[in-house]
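Here is a short report on one protein model and the ligand it holds. Look at the ligand first, then at the sheet.

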Amino acid sequence: MSDLGIAVITGASSGIGASFATRYAQKGYDLLLVARRGDRLAAMAENLRSETGVGVETFVADLGNAGDLTRLETRLAEIPVTALVNNAGVGALGPTSNVQADAQQALLNINVIALTRLSLAAIQRFKAAGRGTLINIASVMALMPSAGGGAYSGSKAYVLNFSRSLGLELAGSGIGVHVVMPGPVRTEFFSSQGLNDAVFPDSSYVSADDLVKAVFAGVDQDEEVITPTLSSPEIWRDYEIARSAFMREVMGGEIAAQYKVG
Ligand SMILES: NC(=O)c1ccc[n+]([C@@H]2O[C@H](COP(=O)([O-])OP(=O)(O)OC[C@H]3O[C@@H](n4cnc5c(N)ncnc54)[C@H](OP(=O)(O)O)[C@@H]3O)[C@@H](O)[C@H]2O)c1
């Protein structure tokens, strides 16, 4: 068993999650890998064990299924989890008023409910150990209303605010909470939903490995919100300044003049 403890990665069977699994294994963490496709997880586990020597447990679960989620929460309570990457996510993309309600609810179960419950389960473990790292994968769409991805952008806005709020509550506790806002990443995300990568221009995409490498740099720099493709940090600073100004103004206890009509 590694002194570093166990890194739990959801959605580890492809894309960004698979890159996290590789990086954490290279750092010497034991792993618990979660996804529905057990064959892929088993193949990854075998490779990572032989390449890095770490221990790898696979956990086949549909995070949209309440019973599977409870099984995973129970497992987290039994093992020395020191890192959790809530990465599993789906898009249910398409005109929001046309996409089946069940598909949008399934998205909320995975992107919001599972992420919330697993964050809370991991934080219990982190508190007991006095250390831990939570990395929640949002998206740049957290800041963008999206015609064609209403539930997706809404779910990622939740991930952003939920994670930042946890971070505020846990400041100084030794537990790091980080939220990642990727732009387009070349993974199976679009193809698995019957879309092709041409959703965005080719030049907009980064690789999952480059993204994850950047996330670890952000974690090492103690960054709360990690946006790997944002080259001008002042844009985020200005956004935060505007957000504070907005809050100051709306807390003024007065209806704004433009609404005092009629
Ligand atoms: N790719 C992008 O452009 C992009 C941009 C911003 C944010 N993101 C976010 O990055 C995260 C990872 O996506 P990705 O790009 O790496 O896509 P991906 O290659 O499609 O990977 C998604 C992962 O989630 C797992 N997953 C999906 N539904 C699941 C379920 N019901 N239960 C358990 N696991 C499930 C999949 O595994 P199984 O199918 O084996 O279950 C897979 O391992 C997502 O949260 C996504 O929103 C992606």
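A backbone N or O atom of Gly11 lies 3.0 Å from an oxygen atom of the ligand. This is a polar contact, meaning a pair of N or O atoms within 3.5 Å; within protein, one must be able to donate a hydrogen and the other to accept it, and residues adjacent in sequence count only if both atoms are side-chain atoms. The table sets out this contact and two others.

| Residue | Part of residue | Ligand atom | Distance |
|---|---|---|---|
| Gly11 | backbone | oxygen | 3.0 Å |
| Leu63 | backbone | nitrogen | 2.8 Å |
| Thr187 | side chain | oxygen | 2.6 Å |

Taken alone, the ligand exposes 880 Å². The protein buries 96% of that (Shrake-Rupley method, 1.4 Å probe).

The model is predicted: local features need pLDDT of at least 70, side-chain atom pairs count only at pLDDT 80 or more, and totals for chains, interfaces and linings use all residues. Residues are numbered from 1 along each chain as its sequence is written, and side-chain values use heavy atoms, with hydrogens and water left out.

Which residues come nearest to the ligand? They are Arg36, Arg37, Asn87, Tyr152 and Thr187, out of 31 around the ligand (a heavy atom within 4 Å). By class, this shell has 16 nonpolar, 10 polar and 5 charged residues. Here Ala, Val, Leu, Ile, Met, Phe, Trp, Tyr, Cys and Pro count as nonpolar, Asp, Glu, Lys and Arg as charged, and the others, Gly among them, as polar.

Now the sheet. It is open, with 7 strands (DSSP E runs of at least two residues) in the order β3-β2-β1-β4-β5-β6-β9. The pairing is parallel (at least two DSSP bridges between two strands). The edge strands, β3 (56-60) and β9 (225-226), each pair on one side only. Strands β5 (residues 132-137) and β6 (residues 175-180) pair over 6 bridges. In β6, Val179 is the bridge partner of Asn136.

Methods
Helices (H or I, at least four residues) and strands (E, at least two) are DSSP runs, numbered from the N terminus.
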